[in-house]
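Reader: Please take a close look at the salt bridges of this model. I would like the partners, their distances and their burial set out together.

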Amino acid sequence: MAHRKRRPFQHIMADNSIKQIKEYLPDEWVIREYNPDYGIDLVVEIFDYVDPEREMCEALGEMFFAQVKSVRKSNISKINVHPRRNVEKGPLKEDRDETKEIEVIKFKLETDEILTINSMGAGVPVFLILVCLDTRRVFYVCLNDWIEKVLVPEDPNYLDKQTKIINIPVRNELTHDPLSHNMFRFFAKRMKFYSAFNKFTYQQNELIYFFENAVDRERDLEDYSDILDYLYKTLHFITIIKRYDIWAAGNLWGILTIFQVELNELEKKIKNAFKIIISSLESEKIFEIPERLFDFQWTPPLLITEIQRFWDKLVNIANTYEEICREWNLPTHMGDELT
């Protein structure tokens with residue numbers, strides 16, 4: 001028997017889920033829906049107001065993707081998690097002598113969808129956002145990180161299954177509260193972080209190469225041309241990385257504020273050393289330099305050592321991000337401790 005076009009309840013659930021997410025995310029953020037979608041439902045672009053009156057906002061060049069799912073009825077349960085060694089450095093190994101209990105919502109995800117997200121890599125974060133239609137509560141977890149830090153270590157052969165259960169921590173809740181948006185703001189900067197990490201490593205290698213060649217080429221401490229070139233190159237590198245937006249995320253990741261202060265202090269110290277060297281060379285009073293700048297000695301130059309140590313710390317930020325930040329909000333012992 002013929003009937004008019006029908007609308008399945010699954011479509012209603014999907015529409016209501018999108019509406020709920022839009023209600024909770026800031027109004028100034030731009031949410032674009034993919035249609036048709038193949039594992040990605042939304043892309044969210046971050047905007048911030050630029051005036052106290054909140055009449056104009058601008059794009060930050062930051063975004064994240066989202067796979068949206070919904071359930072008619074929410075069912076919160078508890079799981080036990082244990083401390084474990086860093087899964088990036090070796091196979092999963094847990095300390096079963098210590099246990100932590102966390103609340104989660106379980107959701108069954110098709111392996112095809114997981115594989116699609118995994119193939120994207122970690123450069124752009126993809127969140128699983130789960131909407132509970134009965135309570136209007138919304139929970140999330142970063143799928144890229146869950147796959148690498150939880151799924152693969154626990155089940156390397158997950159591709160042989162049709163589905164996998166993902167435990168979404170209840171603490172990861174999206175609400176009207178601006179604090180609940182901070183994790184999305186931080187993860188949306190991931191492309192900028194990875195770009196900065198790559199630049200830090202490049203600059204470190206260049207500074208090491210330049211200094212080693214300068215030492216091989218000239219050991220006469222009365223000729224400061226190589227030192228001046230080294231300091232000039234360092235100032236150029238500082239100018240480049242000071243422009244990066246990542247330093248504005250210090251309110252989300254406090255270590256960035258510390259490094260920004262150190263970067264500015266190092267820049268001032270190098271500029272002062274530059275002036276003293278030039279003026280000393282012009283006045284032909286070279287040996288007065290150590291006396292006039294107590295922390296700038298030549299054998300070895302403490303300022304150059306400080307520069308090298310600072311770039312070592314910059315490069316180590318990438319390790320901290322990989323080992324610590326990417327475990328934030330995950331259903332793991334460390335994830336619960338850090339969140």
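Author: The following account concerns the salt bridges. The model is predicted, so local features need pLDDT of at least 70, side-chain atom pairs count only at pLDDT 80 or more, and totals for chains, interfaces and linings use all residues. Residues are numbered from 1 along each chain as its sequence is written, and side-chain values use heavy atoms, with hydrogens and water left out.

A salt bridge is a side-chain nitrogen of Lys or Arg within 4 Å of a carboxyl oxygen of Asp or Glu; the count by this rule is 28. One of these joins Glu113 and Lys69, at 2.7 Å from N to O. Because Glu113 belongs to helix H2 (residues 111–119) and Lys69 to strand S3, this pair ties together parts 44 residues apart in sequence; helices (H or I, at least four residues) and strands (E, at least two) are DSSP runs, numbered from the N terminus. Both Glu113 and Lys69 are buried, that is, under 20% relative accessible area, where exposed means over 50% and partly exposed in between (1.4 Å probe, protein chains only).

In a second bridge, the closest N and O atoms of Lys242 and Glu267 are 2.8 Å apart. Lys242 lies in helix H6 (residues 225–242) and Glu267 in helix H7 (residues 255–283), 25 residues apart. Lys242 is partly exposed at 36% relative accessibility, whereas Glu267 is buried at 10%.

Glu148 and Arg326 also form a salt bridge, with 3.1 Å between the closest N and O atoms. Glu148 is partly exposed at 28% relative accessibility, while Arg326 is buried at 2%. Through shared partners, salt bridges join Glu88, Asp145, Glu148, Lys149, Arg190, Glu322 and Arg326 into one network.
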